[in-house]
Amino acid sequence: MDLRFGDSKPTDEERAAVDALLGPPESSWEGADRSDADLRWARGGREARDRRDQLLPALHALNDRVGWISEGALDYVCRRLTVPPAEAYGVATFYAMFSVRPRPATVLHVCTDLACTAAGASELCATVEARLGPQSGVKVERSPCLGLCERAPATLTIRAGHPARPGVPPLGELEDEAVQAESGGPGAAAPGDGTGKGRRGRNTLHATAVCAPATPDQAIAAATAPETAPTEPAPETAVPQTGTPTLTLLHRIGTTDPTSLDDYRAHGGYTALRRAFALGPAAVIREVTDAGLVGRGGAAFPTGRKWQATAAQPDHPHYLVCNADESEPGTFKDRVLMEGDPYALVEAMTIAAYATGAHRGFLYLRGEYPRALARLTHAIEQARTRGLLGDDVLGQGYAFDIEIRRGAGAYICGEETALFNSIEGHRGEPRSKPPFPVEKGLFGKPTVENNVETLVNVLPILTMGAQAYAAIGTPTSTGPKLFCVSGTVARPGVYELPFGATLGELLTLAGVRDNLRAVLLGGAAGGFVRPDELDIPLTFEGTREAGTTLGSGVVMAFDDTVPLPRLLLRIAEFFRDESCGQCVPCRVGTVRQEEALHRIADRTGAAAADDIALLREVGRTMRDASICGLGQTAWNAVESAIDRLGAYE
């Protein structure tokens with residue numbers, strides 16, 4: 001039996017939000033007023049069903065405009081896209097940033113994840129909740145990691161409404177005068193296809209305010225009086241090495257205007273793409289393979305092999321997907337790259353698409369990254385205007401374009417097949433493999449998927465050559481690597497080091513404080529190491545030999561003022577919340593893990609032995625039987641804390 005919404009009707013504002021994205025309905029079958037023509041024939045059918053991938057953008061449009069998704073609005077979206085109401089409801093309730101229950105137009109997200117917890121986020125949230133009562137018109141929500149770990153504790157305020165209310169700045173940088181000048185001014189029309197609908201999947205603009213590091217007064221001001229809220233620091237403040245001449249991936253951040261295409265090209269931009277066209281697709285793949293580039297998201301799969309496997313598929317079209325949904329607690333490197341050097345990602349995606357035979361790319365971006373969205377939206381529009389995207393890239397007869405798709409708060413969508421499902425308009429649940437994405441990925445077609453850092457590494461490979469790139473790092477882990485350092489250090493931020501540097505060298509750069517208690521490598525899905533293990537080489541093989549993982553490059557330091565059991569409990573809560581629930585080992589195991597940690601939080605020794613034994617059994621089951629990496633790694637940090645740190649002794 002399918003879900004029905006009864007007599008619920010959308011408001012005029014909700015209709016306007018959906019129609020701004022999809023265009024006006026063409027018949028009563030899609031929600032328009034009934035006419036005589038509608039009584040004789042139905043319109044839509046297959047064409048409407050082929051737009052299922054617009055479901056997530058439509059939900060964003062409603063959430064941005066109204067602040068929540070009513071039954072009437074959801075029913076209207078279902079009619080427009082020919083999506084069964086039960087399936088649309090399942091999608092709308094899957095994401096943490098959406099609400100199907102009435103809530104205020106202003107939502108204040110307070111990060112309570114690992115770095116922010118260590119920086120006093122719980123106290124911040126309690127104070128804000130106490131001072132902002134129901135009469136304030138602000139909804140306070142405890143949030144998982146916002147990707148602002150170098151400036152913990154952090155908050156993100158989202159204010160629904162379009163156009164923005166007086167005195168409330170629109171999203172991110174789009175009001176910046178330089179951006180307006182390049183994009184045609186604040187009154188410029190949105191690019192479209194000539195139908196008045198605007199570009200398909202175009203992002204709705206809503207008002208946001210990032211506050212980090214946040215005090216109670218600043219967080220409340222950002223939510224209630226945005227004109228008094230502090231300005232968000234520039235991206236280069238997250239790069240302590242800014243200005244260092246030896247940087248490869250971060251050298252433009254802080255030295256180049258991220259809104260200016262001309263400045264990007266003056267600093268070497270689009271040199272790599274021109275060389276790619278000179279080499280040809282096969283030679284580009286060979287360069288990437290010879291350079292030894294592997295995925296920087298944690299799996300470390302050889303990038304050249306993935307590209308070659310996709311390019312060789314006879315089925316067409318091929319797709320390129322950039323995974324910019326970094327949601328691992330402690331990870332913020334991709335955010336810094338997108339905010340500080342957005343054209344580099346656009347160029348790198350174009351090269352990857354050219355090499356693999358793709359003509360359409362999707363950039364799946366975290367919903368919690370408003371400034372990255374603004375910067376990338378602007379960069380893509382400018383590249384399209386200047387002939388660097390579109391039907392004839394650089395006059396080479398190659399067609400490629402990029403579409404941004406916003407996530408909505410689901411850690412699991414960092415898994416590639418869950419990300420594909422999300423783009424297609426389904427719940428973000430992982431798929432069983434095989435078939436692998438290189439054979440049947442997005443829309444059932446061959447797809448290459450890489451994260452932001454991996455793609456940006458392609459630029460120096462082509463500009464300096466594969467051999468010079470491979471000479472950086474170690475023979476088995478080549479090139480530079482970005483590390484996200486946070487916690488109890490003097491200079492948190494993104495650091496670029498060659499593979500092979502030790503953990504101690506990295507922490508020395510970051511200014512590790514006295515009384516170091518533990519270091520978490522790889523984020524919530526990683527593992528803890530002791531203060532006497534700082535000689536671990538930061539390579540994939542080095543961390544593996546040490547019994548831990550490098551993951552996406554998270555390095556979180558904790559001194560002895562941070563209660564370890566509280567951190568472990570927060571990790572368990574995170575995995576319980578973020579499990580998609582598709583498979584039993586993860587759905588049940590994450591709950592049992594949290595329950596056991598609650599029981600032993602204040603116990604040690606023999607009193608905790610039974611629960612520790614239960615944790616081990618549950619952890620092994622999740623690791624061996626879960627469908628995807630979330631369940632397979634949910635026990636890692638807890639296990640390492642028990643075995644290496646003696647957390648409950």
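This report looks at the cysteines, the cis peptide bonds and two unusual backbone angles in a predicted model.

Let's begin with the cysteines. The structure holds zero disulfides. Why does cysteine 149 not form a bond with cysteine 145? The sulfur of cysteine 149 lies 3.5 Å from that of cysteine 145, its closest cysteine sulfur, which is too far for a bond, because a disulfide needs the two sulfur atoms within 2.5 Å. Cysteine 583 tells a similar story: its closest cysteine sulfur belongs to cysteine 586, 5.1 Å away and so too far for a bond. As for their surroundings, cysteine 149 is buried, at a relative accessible area of 6%, and cysteine 583 is buried too, at 12%.

Next come the prolines. Alanine 212 and proline 213 are joined by a cis peptide bond, with omega about -5°. Proline 213 sits in the loop that runs between strand 4 (207–211) and helix 9 (216–224). Another cis bond leads from proline 434 to proline 435, where omega is near 5°. Proline 435 belongs to the loop between helix 17 (416–424) and strand 8 (447–451).

Finally, here are two residues with positive phi that are not glycine.

| Residue | Phi | Loop between | Relative accessible area |
|---|---|---|---|
| Threonine 82 | near 55° | helix 4 (71–81) and helix 5 (85–92) | 37%, partly exposed |
| Tyrosine 270 | about 70° | helix 10 (261–266) and helix 11 (271–279) | 1%, buried |

Is each of these residues buried or exposed, then? Threonine 82 is partly exposed, while tyrosine 270 counts as buried.

Technical notes
Residues are numbered from 1 along each chain as its sequence is written. This is a predicted model: local features need pLDDT of at least 70, side-chain atom pairs count only at pLDDT 80 or more; totals for chains, interfaces and linings use all residues. Side-chain values use heavy atoms; hydrogens and water are left out. Buried means under 20% relative accessible area, exposed over 50%, partly exposed in between (1.4 Å probe, protein chains only). Helices (H or I, at least four residues) and strands (E, at least two) are DSSP runs, numbered from the N terminus.
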